[in-house]
Amino acid sequence: MTATGLSTSEKYRQFLILSSVQSVEPITVERARDALVWSTDGTEYVDCFAGIAVVNAGHCEPRVLEAARRQMERLVHIGSLLYEVPVVADLAEKLAWITPGRLEKTFFCNSGAEAVEGALRLAKASTGRSEFIALELGFHGRTNATLSVTGNRKRKQHGGPYLPGVAFAPPPHPYRCRLCNGKCSLACADAVSDVIDYHTSGDVAAFIAEPVMGEGGIIVPPEGYFERVKKILDDRGILFIADEVQSGFGRTGTMFAIERSGVAPDIMTMAKGIGDGFPLAGFTARPDVADSFRPGEHLSTFGGNPVCCAAGLASIEVLEADGLVARSAGLGSWLRPQLERLAERHVAVGDVRGAGLMQGLELVRDRVTREPAPELAARIKASCRQRGVLIGVGGYFGNVLRIQPPLTITQEQLGFVAEVLDGALSEAMAS
Ligand code: PLP
């Protein structure tokens with residue numbers, strides 16, 4: 001078959017397997033830098049989605065590119081678990097320093113789903129048990145095991161049957177809590193104990209949760225949630241896997257979102273922000289847990305790719321050198337009142353929540369019934385794009401606007417984003 005002369009957009013529709021062509025934004029992207037993206041027709045956009053919360057250090061960060069380029073000229077691939085490669089060891093050492101508690105040993109792989117798969121397997125190997133507790137509304141990837149611990153029917157369609165031995169606890173979701181009547185008593189944390197007792201055989205290896213839930217709709221668990229859950233887990237010898245694939249690397253204003261709770265996980269998964277766009281992922285565990293894999297038991301051909309590890313190490317160094325984690329916290333605190341003002345001006349904004357530069361606006365048809373407004377969210381996303389701002393939409397109902405820009409975004413650009421959201425909400429409400 002020869003080249004067809006079709007446009008990029010036509011080729012996308014003809015030659016790519018897309019689960020939902022509708023969800024591809026009508027923009028052909030040419031290049032990006034920091035928090036700006038340019039399409040092939042020269043239009044400039046402020047990027048508030050960062051390639052699904054990935055390019056935390058900014059698009060095409062020169063120091064990250066230079067580190068990758070230098071590594072590429074020396075060694076692209078050898079099999080980093082077959083041979084020792086300096087940059088792989090350096091990145092693993094760096095992760096041991098920046099991850100909380102006693103997390104120390106890392107297994108490198110290529111995607112968030114692969115990291116979660118490996119973490120689940122390690123938890124089984126470490127405990128000799130086989131069941132898991134996950135959260136309703138949680139999201140952990142699109143492979144069979146990761147969908148098995150994903151608590152969202154809409155993400156799981158046509159993929160079943162899923163793995164047995166997974167029980168779901170209610171989500172720690174203050175805005176849509178089904179357990180407490182207005183006043184939070186952390187019943188969602190206590191429910192983890194009931195789920196273990198009534199929905200499993202007691203043979204539970206691990207509890208897996210996102211410290212801030214991303215795909216579920218930027219859900220920040222109530223204060224004290226993870227402390228209480230960890231106590232329940234520790235009393236029963238169950239491991240805690242913190243899935244930091246989306247919330248890690250400064251996204252929520254701390255290096256890892258779980259630090260906000262002071263709880264140290266036993267295993268942590270990471271991807272997205274670790275490589276500033278290079279496909280890199282991994283899971284880090286306490287040494288006693290990590291050492292339960294026997295030699296050769298777990299492997300990934302491309303895992304620990306030297307070029308990606310060089311980019312990952314450089315990206316973490318950029319986060320540190322440029323103070324981007326504190327910047328995420330500061331800009332998040334600055335943005336929050338702007339978003340709350342939108343909630344005062346527009347009745348459709350039912351809730352504003354988030355941490356650092358991981359913020360969400362939940363749109364509703366009615367503030368009293370909290371009936372979700374997914375069509376409105378889709379219209380506002382399109383309107384923002386037409387006005388020069390890229391945002392995401394998520395949540396179980398598809399009604400949460402997601403603001404997750406590169407952490408290098410400027411306050412001025414965020415001010416523009418708030419103005420654009422205001423204009424888009426006004427326009428949508430008027431129609
Ligand atoms: N875990 C979380 C918390 C995620 O947000 C995602 C992706 O959005 C994944 C796992 C899966 O990551 P990937 O798409 O890299 O497989």
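Modeller: A helix here is a DSSP run of H or I with at least four residues, and helices are numbered from the N terminus. The model discussed is a predicted one.

Biologist: In which helix is the place of I52?

Modeller: Most residues other than glycine have a negative phi. I52 is not glycine, yet its phi is positive, near 65°. This residue belongs to helix α2.

Biologist: Which peptide bond is cis?

Modeller: Most peptide bonds are trans. One with omega near 0° is cis, and it leads into P161, a residue in the loop between α7 (153–156) and β6 (166–169). The cis bond runs from G160 to P161.

Biologist: What separates the centres of domain 1 and domain 2?

Modeller: The assignment splits the protein chain into domain 1, made of 8–57 + 323–430, and domain 2, made of 63–321. Domain 1 contributes 37 residues to the contact and domain 2 contributes 36 residues. Taken over C-alpha atoms, the centres of the two domains are separated by 25 Å.

Biologist: What area is buried between domain 1 and domain 2?

Modeller: The size of an interface is often given as the accessible area lost when the parts come together. On the domain 1 side, V325, M358 and Y396 lose the most, together 26% of what that side buries. Carbon and sulfur atoms give 54% of the area buried between the two domains, which is about 2900 Å².

Biologist: How many salt bridges cross the interface of domain 1 and domain 2?

Modeller: A salt bridge needs a side-chain nitrogen of Lys or Arg within 4 Å of a carboxyl oxygen of Asp or Glu. R402 and E215 satisfy this, at 2.9 Å from N to O. Across the interface, the number of salt bridges is two.

Biologist: By class, how many residues on the side of domain 1 that touches domain 2 are nonpolar?

Modeller: Between the domains, 27 residue pairs are in polar contact. Elements giving two or more residues to the domain 1 side include α12 (324–345), β11 (349–355) and β12 (358–366). That side has five charged and twelve polar residues, and its nonpolar residues number 20.

Biologist: Which helix holds the salt-bridge partner of E320?

Modeller: The count of salt bridges comes to 28. In one of them, the side chains of E320 and K94 meet at 2.8 Å, N to O. E320 lies in helix α11 (residues 306–321), and its partner is 226 residues apart from it in sequence, so the pair ties together distant parts of the sequence, the partner's element being helix α4.

Biologist: Which strands stand at the edges of the open sheet of four strands?

Modeller: The sheet has mixed pairing and the order β1-β2-β3-β14. Each edge strand has a single partner, so one side of it is left without a neighbour in the sheet; the edges are β1 (29–33) and β14 (389–390).

Biologist: Which residue in the turn between β1 and β2 has a positive phi?

Modeller: β1 and β2 are antiparallel and share four bridges, with V29 paired to S39. The hairpin they form leaves two residues between the strands, and the one with a positive phi, about 50°, is D34.

Biologist: In β3, which residue is the bridge partner of W38?

Modeller: Strand β2 (residues 36–39) runs antiparallel to strand β3 (residues 44–47), joined by three bridges. In β3, the residue bridged to W38 is E44.

Definitions and conventions: Residues are numbered from 1 along each chain as its sequence is written. This is a predicted model: local features need pLDDT of at least 70, side-chain atom pairs count only at pLDDT 80 or more; totals for chains, interfaces and linings use all residues. Side-chain values use heavy atoms; hydrogens and water are left out. Domain bounds come from an automatic or database domain assignment. Contact means heavy atoms within 4.5 Å. Buried area is the accessible area (1.4 Å probe) that two parts lose on being put together, summed over both. A polar contact is a pair of N or O atoms within 3.5 Å; within protein, one must be able to donate a hydrogen and the other to accept it, and residues adjacent in sequence count only if both atoms are side-chain atoms. Ala, Val, Leu, Ile, Met, Phe, Trp, Tyr, Cys and Pro count as nonpolar, Asp, Glu, Lys and Arg as charged, and the others, Gly among them, as polar. Two strands pair if DSSP finds at least two bridges between them.
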